[in-house]
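Hi,

Here is the structure I promised to pass on. Have a look at it first, and my notes on what turned up are underneath.

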Amino acid sequence: MKKLLSHITATNRSLRRRCAEAAQIISVVILLCLNITEAYSTTYYVATNGNDNNAGTKDLPFATINKGATIAKAGDIVIIKSGTYKPTTRIQPVNSGTQNAPITFMAEVNNEVIIDGSIAASPTTTDRLGLFTILGTTTATQNWIVVDGLRIINSAFAGFYTRYATTITIKNCSTFNTGASGIVTANSSDIKVLNNKVQKACQAPSASLGTNECITMASVAQFEVAYNSVFDRMTDLNNGGEGIDAKNECKDGSIHHNTVFDLVRLGIYIDAYQRNINNIDVYANRVYKCGAGIGVAIEEGGTLTGVKIHDNIVYDIPRAGIQVRGYLVNGPMKDVFVYQNTVVRTGNLQGITYENAGILIDADHPNNSNMVVRNNIVAECAIQIKTKTFSFLTVDNNLLFGPSSTPKPTNPTVLYGNAGTNAILEDPLFENSTNADYRLKSNSPAIDKAVGTPLSSMDFNDFPRPIKEDLGAVEYQKIEIVLSAENPKNENIDLILSPNPTKNELTMSLYSEAGKTFLIDVMDSQGRTIQNINYVSSETGQNVVNLPTDQLENGTYIIHIFNKEGDRFSKKLIVQK
């Protein structure tokens with residue numbers, strides 16, 4: 001028996017060893033397959049003077065983007081040369097990429113590839129797709145595709161459309177005059193919409209047509225919508241047209257560093273509708289001159305949990321700046337936090353009596369819980385904060401400048417001006433409120449006054465918040481020129497711009513010690529920040545920073561640079577294309 005057991009044990013050890021060896025071989029084969037896929041990837045070219053019977057090389061390009069979309073496989077890159085393309089039907093990639101070998105469709109020069117949908121047979125209001133469509137199925141998603149630098153105009157319905165897809169990136173693109181959304185994604189996951197410009201979206205001339213919103217995330221998990229500009233829809237043509245919307249079954253997403261303006265409807269909207277919203281973070285957005293600012297809602301009986309609205313700047317809005325509310329059917333909300341925002345001149349539209357507030361809380365479902373409005377600056381609004389008497393709501397430690405309180409009604413279902421607890425009723429002392437410069441002056445009563453939870457770790461400008469944080473979206477920065485041993489006379493600290501005037505890219509040279517973090521703001525003639533980046537100096541001396549300006553309109557701008565150590569300098573820039 002002992003010999004038998006010994007034999008069995010030895011046999012098991014041998015089998016385990018062979019299985020381990022087989023697993024190693026399989027792993028090597030998989031890696032080899034991945035490397036082979038990448039090694040045999042192809043770069044195709046498309047040009048307006050090409051031919052779809054060509055090989056698709058740089059010298060012999062295809063004529064249509066759809067030809068490239070038909071044959072591109074994992075690892076392939078389709079480079080599209082500058083020019084205007086007028087497809088007769090929508091552009092739709094056939095294959096998927098992989099994690100190690102995505103498929104990329106890119107402009108050779110950003111926004112010089114114009115896809116004009118004026119003669120395309122599709123999309124239409126019937127198929128409701130986009131001029132560039134990434135479309136899987138409920139059982140087979142389309143995956144790992146990057147779209148970079150394309151411009152879509154005159155699409156009969158959506159511009160860029162993604163559905164039943166995973167790991168899709170749409171970046172550096174633009175849309176103009178689309179019947180529905182400029183960019184829309186539905187029933188997908190791991191979606192990035194970055195640094196795009198969406199202008200004149202939702203233009204279909206039918207009041208009954210649901211066109212979605214300018215940028216739409218509908219039932220999307222793990223998404224990021226960031227650094228986009230959404231604007232220019234001042235006529236309400238149809239049932240749609242909000243700026244950026246996360247709705248239905250959206251979860252685990254962020255909407256940040258976007259600029260949304262000149263829209264007749266809401267700038268940013270989080271709406272569970274009939275589904276379940278979970279874990280959405282809305283921060284560092286600039287929203288102005290829209291019908292309303294940022295909204296959180298349940299329109300048709302869904303649920304909403306874990307929504308954070310913080311470090312946003314909202315101003316010059318005729319209706320409510322930030323609002324949390326139920327609608328027709330309503331539904332329960334839990335863990336909704338509105339904190340460290342700056343809201344100025346909202347709710348002042350003559351004749352309105354409901355949305356006449358900086359912050360409006362009117363979500364009255366009996367199962368609501370844990371809603372907090374704290375550490376905001378709300379100024380120059382008709383009423384600064386307006387709520388009902390809710391047991392689940394905390395309004396605390398906000399700076400309110402302007403009409404802030406009305407008598408608390410005996411009826412808890414009636415809205416009133418609610419200053420909350422520990423309110424600071426003083427002028428916030430902005431640098432220049434008229435010109436939308438909401439940095440704090442050195443004697444602002446908002447400095448070092450943030451308390452409680454939650455608190456943000458970074459402000460609107462991506463500067464770290466110190467231990468003692470400020471109220472509002474913009475953390476105060478000490479402003480003075482600091483002389484160093486390497487630069488005792490403050491020489492060469494001036495900012496050098498080249499070329500100036502510029503067209504598509506600006507080279508900036510500035511003096512710095514190694515390791516300093518700078519915030520670089522591009523401000524328009526009205527003092528509004530329309531573009532910003534962070535830069536960490538790599539060495540002591542003159543540092544060179546490249547800033548793309550291809551999406552800036554012709555005009556005069558101010559490049560404003562400062563850091564948390566105190567250095568600050570600026571110079572005029574002219575964009576001339």
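The second largest pocket has 29 lining residues, and Glu213, Glu242, Arg265, Tyr269 and Glu299 are the ones nearest its centre. Keep in mind that this is a predicted model. The pocket holds about 580 Å³ of space. Sorted by class, its lining comes out as 12 charged, 9 polar and 8 nonpolar residues. Strands 14 (210-212), 17 (239-240), 18 (244-247), 20, 22 and 25 (322-326) each give two or more residues to that lining. Strand 20 gives the most, with 5 residues.

Now for the largest pocket, at about 940 Å³. There are 37 residues around it, and Ser229, Ile530, Gln531, Gln551 and Leu552 are the closest to its centre. The elements that put two or more residues into this lining are strands 16 (229-233), 20 (259-271), 22 (286-298), 40 (529-536), 41 (541-548) and 42 (555-563). Strand 40 supplies the largest share, 5 residues. The class split here is 17 polar, 13 nonpolar and 7 charged. If you set up grids, note that strands 20 and 22 turn up in the lists for both pockets.

On to the packing. In soluble globular proteins, nonpolar side chains tend to be buried together. The largest nonpolar core in this model has 84 residues, and Leu150, Phe223, Ile270 and Leu304 touch the most other members. Which residues does Ile270 contact, leaving aside its neighbours within four places in sequence? They are Asp245, Ala246, Ile255, Ile277, Ile280, Val282, Gly295, Val296, Ala297, Leu304 and Val307. Another core, of 22 residues, lies apart from the one with 84 members and includes Ala284, Leu399, Ala436 and Tyr438.

Tyr438 comes up again among the aromatics. The structure has 9 aromatic pairs. In one of them, the ring centres of Tyr315 and Tyr438 are 5.4 Å apart with the planes at 65°, so this pair counts as edge-to-face. These two are 123 residues apart and link distant parts of the chain, with Tyr315 in strand 24 (residues 313-317) and Tyr438 in strand 36. Tyr315 is buried at 1% relative accessible area, and Tyr438 is buried at 3%. Both tyrosines belong to one aromatic cluster, together with Phe231, Phe261, Tyr288 and Phe430.

A few backbone details to check before you run anything:

- Ser122 to Pro123 is a cis peptide bond, with omega near 15°. Pro123 sits in the loop between strand 5 (113-116) and strand 6 (130-135).
- Asn500 and Pro501 are also joined by a cis peptide bond, where omega is about 15°. Pro501 is in the loop between strand 37 (496-498) and strand 38 (505-512).
- Asn187 has a positive phi, near 50°, although it is not a glycine. Asn187 lies in strand 12 (residues 183-194) and is partly exposed, at 30% relative accessible area.
- Ala436 is another non-glycine residue with positive phi, near 60°. Its place is the loop between strand 35 (430-432) and strand 36 (437-440). Is Ala436 buried or exposed? Ala436 counts as buried, because its relative accessibility is 5%.

That's what I have for now.

Cheers

Definitions and conventions
Residues are numbered from 1 along each chain as its sequence is written. This is a predicted model: local features need pLDDT of at least 70, side-chain atom pairs count only at pLDDT 80 or more; totals for chains, interfaces and linings use all residues. Side-chain values use heavy atoms; hydrogens and water are left out. On a 1 Å grid over the protein atoms alone, a cavity is a set of points where a 1.4 Å probe fits but cannot get out, and a pocket is an open set with protein on both sides within 12 Å along at least five of seven lines; lining residues have an atom within 4 Å of a point. Grid points are joined across faces, edges and corners, and a volume is the space filled by probe spheres set on the points. Helices (H or I, at least four residues) and strands (E, at least two) are DSSP runs, numbered from the N terminus. Ala, Val, Leu, Ile, Met, Phe, Trp, Tyr, Cys and Pro count as nonpolar, Asp, Glu, Lys and Arg as charged, and the others, Gly among them, as polar. Buried means under 20% relative accessible area, exposed over 50%, partly exposed in between (1.4 Å probe, protein chains only). A nonpolar core is a set of buried Ala, Val, Leu, Ile, Met, Phe, Trp, Tyr and Cys residues joined through side-chain atoms within 4.5 Å. Contact means heavy atoms within 4.5 Å. Rings of Phe, Tyr and Trp (its six-membered ring) pair if their centres lie within 6.5 Å; planes under 30 degrees apart count as stacked, over 60 as edge-to-face and the rest as tilted.
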